[in-house]
Amino acid sequence: MPYHPRQLALALDHLESYGREDFLSGPCNEAPLQLIDSWPDWPANALALVGPEGSGKTHLAMIWAAAAGARVISARGIHEAEVPAALATGTLVVEDASTGSNDRALFHLINLAREEKASLLFTARSAPASWPVTVPDLASRLRALPVITLRTPDDAMLRAVIVKLAADRQLMLGDSVVGYLSTHIERSFAAARAAVIALDNEALRRRRPPTRALAAEIFRGGVVPP
């Protein structure tokens, strides 16, 4: 029997567009978008933008960073000696703030931002009151932060996100494919991203167009393949 080598899809990077014009607004994120757009008239100098993986936190943060001239850093990258430099522009985005930042550095950052009337935007998957910190004064500061929450997308939003994620990968999906995906995956932005990536990779591997039939083969039972 002749041997047919398996065609492997190349793992190429596909950049998502974080421009203001590319943000998809709907009931699940309209209020957070309005609050981001209302800067500098925020209810406090620091806010926490909270939502599950892939819910649009980074996109909203990038919109605000572009408008406010903010630096963007990871919470793990905050070091106490570098806090003044991080606030040099008077605006700062701290990404993934619930994942193990340095407590003393974070406490110093919040205090210095308040003193200098600088604006902070934290992104996280959980509310600040639940972040794992050991400094009592920091815990009280975090509990006082206003929280903006991104909700689960509705049907129309999920379909729109699938179309956008596919377009970011230069993948054109027909309405039947988008409809199939939206009804056979978990209702979340993260699931939409995983589904589009899986469909794109499998279409490349098989050298087939990303049809509804191919989607049905891949997503039987609503399970996104690894």
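Helices α6 and α8 cross in a right-handed sense (with the near helix turned clockwise from the far one by less than a right angle; anticlockwise would be left-handed). The structure is a predicted model, in which local features need pLDDT of at least 70 and side-chain atom pairs count only at pLDDT 80 or more, while totals for chains, interfaces and linings use all residues. Residues are numbered from 1 along each chain as its sequence is written, and side-chain values use heavy atoms, with hydrogens and water left out.

## Helix packing around α6

The axes of α6 (residues 155-168) and α8 (residues 189-206) come within 9 Å and cross at roughly 40°, axes being lines fitted to C-alpha atoms, for helices over the stretch in contact, with angles from 0 to 180 degrees between N-to-C directions. The two helices are therefore oblique to each other (under 35 degrees is roughly parallel, over 145 roughly antiparallel, 65 to 115 roughly perpendicular, and the rest oblique). On the α6 side, the contact (heavy atoms within 4.5 Å) is made by M157, L158, V161, I162, L165 and A166, and on the α8 side by F189, A192, R193 and V196. Sorted by class, this contact holds nine nonpolar residues, no polar residues and one charged residue (nonpolar: Ala, Val, Leu, Ile, Met, Phe, Trp, Tyr, Cys and Pro; charged: Asp, Glu, Lys and Arg; polar: the others, Gly among them).

Helix α6 also meets helix α7 (residues 175-184), where the two axes come within 9 Å and cross at roughly 120°, which makes α6 oblique to α7. The crossing of α6 and α7 is right-handed. Residues L158, R159, I162 and V163 of α6 meet D175, V178, G179, L181 and S182 of α7, and the residues of this contact divide into five nonpolar, two polar and two charged.

## The sheet and its helices

The protein chain has nine helices and five strands, taken as DSSP runs (helices H or I of at least four residues, strands E of at least two, numbered from the N terminus). Along the sequence these elements follow the pattern α-β-α-β-α-β-α-β-α-β-α-α-α-α. The five strands form an open sheet in the order β2-β3-β4-β1-β5, with parallel pairing (two strands pair if DSSP finds at least two bridges between them). Strands β2 (71-74) and β5 (147-149) stand at the edges with a single partner strand each, so one side of each is left without a neighbour in the sheet. From one strand to the next, the twist averages 20°.

Strand β1 (residues 46-50) runs parallel to β5 and is joined to β5 by three bridges; within β5, V147 is the bridge partner of A48. Helix α2 (residues 57-68) lies across β1, β2, β3 (91-95) and β4 (119-124), running at about 165° to β3. Helix α4 (residues 103-115) also packs on the sheet, where it touches β3 and β4, and its direction makes about 145° with that of β4.

## Individual residues

Buried residues (under 20% relative accessible area, against over 50% for exposed and partly exposed in between, with a 1.4 Å probe and protein chains only) make up 43% of the 226 residues in the protein chain. Five positions are listed here with their places.

| Residue | Place | Relative accessible area | State |
|---|---|---|---|
| S98 | loop between β3 and α4 | 16% | buried |
| L112 | helix α4 | 11% | buried |
| S119 | strand β4 | 11% | buried |
| Q170 | loop between α6 and α7 | 74% | exposed |
| R207 | loop between α8 and α9 (212-218) | 66% | exposed |

Leaving aside residues up to four places away in sequence, S98 touches A124, R125, S126, W131 and P132, S119 touches W39, W42, N45, W64, G90, T91 and L92, and L112 touches V83, P84 and L87. The C-alpha atoms of L112 and P84, which are 28 residues apart along the chain, are separated by 7.7 Å. Across the protein chain, residues 24 or more positions apart account for 70% of the contacts with a separation of 6 or more.

## Backbone details

Most residues other than glycine have a negative phi, and most peptide bonds are trans. Q170, a residue other than glycine, has a positive phi near 55°, and R207, which is not a glycine either, has a positive phi of about 55°. The peptide bond from W39 to P40 is cis, with omega near 10°, and P40 is found in the loop between α1 (30-37) and β1.
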